[in-house]
Amino acid sequence: MSYEDVKKVWMNGRLVDFADARIHAFSHVFHYGSAMFEGARVYKTKSGSAAFRLDEHIKRLYDSCKVYRMEIPYSAEEFRAAIFDTVRANGFEECYIRPVVYRGLGALGVNPFKSPIDVLIAVWKWGKYLGDEAIEEGVDVCVSSWNRMAPNTFPAMAKATGNYLNSALIKMEAITNGYTEGIALDNAGRISEGSGENIFLVYGGRVLTPPLAGTILPGITRDSVLTIARDAGYMVVETAIAREMLYIADEAFFTGTAAEVTPIRSVDRIPVGGGRRGPVTERIQKDFFGLLSGNLEDRYGWLTPVPVESIVDSR
Ligand code: PMP
C-alpha cells in the first residue's frame, strides 16, 4: 500500500502535511492502546462523491468514546465537516476515512484521565480489502484458534484500537496457514466474527448472523445487509450460531466497510455450499453495490454528498 497521494491529515482542528502528522512518543495511546476509531468510505457515485452512512459511523465513534469515558471536544456536525474538509484537502473522489480519538501527551501512568483527548482524521485510497477477485470468487478462511474477547473483558461494541491486537492474532494465524482471513469464536465456542468483518450464513433459505451480544462489533455494513436482506424478502435471524454451521451452510459471507460484502467459499478447506459465491450473496451484493454507487435509488438515505465547500470552518 502506498500513501504517496495523501497530502493532508486533520489533527486537532488543523490540516497538516502528511509528513508532519506525528504523535509524541510519550502519548498515552502509544503505550496503552487508548484510542477509539472509525472506518468509513467515500464512494464516487453517478452524482458525485458521497460518504456511505457517515452519520452512523460518527455515532458509533461517540458511543465507543462514551464507554471509555472520553469526551470528544467537537460536536457531531463539526466532526462531519472536518471529515469532508480532509477529503477535499486531499482531492479524493473515492477514499477510506479513518477518524481516531486518542489519549495524547499527558502522564504515562495507566490512568487515562491525565492525558488529553486528541483527534485526527486520516483519509487514503483503499481498494478491495480482501483482494480484487474476492468479491466475485470468494475467499478461503479458517476458524481461528484465538477466541474473540469474552464479555466483560473488553467491550466489543466499542471500536477501540486495543481490541485489534486480538484481531491481529487472528489475521496472522490465518495468513501464516495460507488463508485470507480467520473467523473467531466467542468464549462459548459460537461464531463471533472475522478479524475485521462481521459474518453471515445462509442455511435452509434463512439468512443468519450472530447477535449484537455475541461479542461482535455492531457493524454498519452488517446493519445495511440486514436491511437489504429483509427488504428482499429473506427471513433474517440474529442468533447464536454453532461452529459446524460454517461447514454445512449453503452460503457464507463477510461484511465490513473495508471488506464490503465478500463471499466465503471455504472454511478450514471444506467448501461452503458449492464452493463459490451463492445466489443469496450475489443478490445482496447487487443491492449493496447498487446503493453505494448511486446506481440504485438511495431508498434508505445512506449517501451523504461530499459538499463542494466547507460548511463549518473547523480549521
Ligand atoms: N467487526 C470488526 C472487528 C471490524 O473491525 C469491522 C470493521 N469496522 C467490522 C466488524 C465491520 O464493521 P463495519 O461494517 O461498520 O465496517
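This passage describes the ligand site, the largest pocket and the largest cavity of a predicted model. In this model local features need pLDDT of at least 70 and side-chain atom pairs count only at pLDDT 80 or more, while totals for chains, interfaces and linings use all residues. Residues are numbered from 1 along each chain as its sequence is written, and side-chain values use heavy atoms, with hydrogens and water left out.

The ligand is surrounded by 17 residues, of which Y164, E193, I220, T221 and T257 come nearest (a residue is near a molecule if one of its heavy atoms lies within 4 Å of it). By class, this shell has three nonpolar, nine polar and five charged residues; Ala, Val, Leu, Ile, Met, Phe, Trp, Tyr, Cys and Pro count as nonpolar, Asp, Glu, Lys and Arg as charged, and the others, Gly among them, as polar. Three side chains place an N or O atom close enough for a polar contact with the ligand (a pair of N or O atoms within 3.5 Å). The side chain of Y164 has a polar atom 2.4 Å from a ligand oxygen, and an N or O atom in the side chain of T221 is 2.6 Å from an oxygen atom of the ligand. For K159, the distance from a side-chain N or O atom to a ligand nitrogen is 2.9 Å. The ligand on its own has 390 Å² of accessible area (Shrake-Rupley method, 1.4 Å probe), and the protein covers 96% of this area.

The ligand sits in the largest pocket, in that more than half of its atoms lie within 2 Å of the grid points of the pocket. A pocket is an open set of points on a 1 Å grid over the protein atoms alone, with protein on both sides within 12 Å along at least five of seven lines; lining residues have an atom within 4 Å of a point. The space in this pocket is about 440 Å³, a volume filled by probe spheres set on the points. Its lining comprises 28 residues, with Y96, K159, Y164, G196 and E197 nearest the centre. Helix α5 (164-176) gives the largest share of the lining, four residues.

One cavity of 30 Å³ or more is present; a cavity is a set of points where a 1.4 Å probe fits but cannot get out. The volume of the largest cavity is about 60 Å³. T221 and T257 are among its lining residues. Strand β4 (residues 40-45) supplies three residues, the largest share of this lining; strands are DSSP runs of E of at least two residues, and helices runs of H or I of at least four.

Terms used: Polar contact = N/O pair within 3.5 Å; in protein donor to acceptor, adjacent residues only side chain to side chain.
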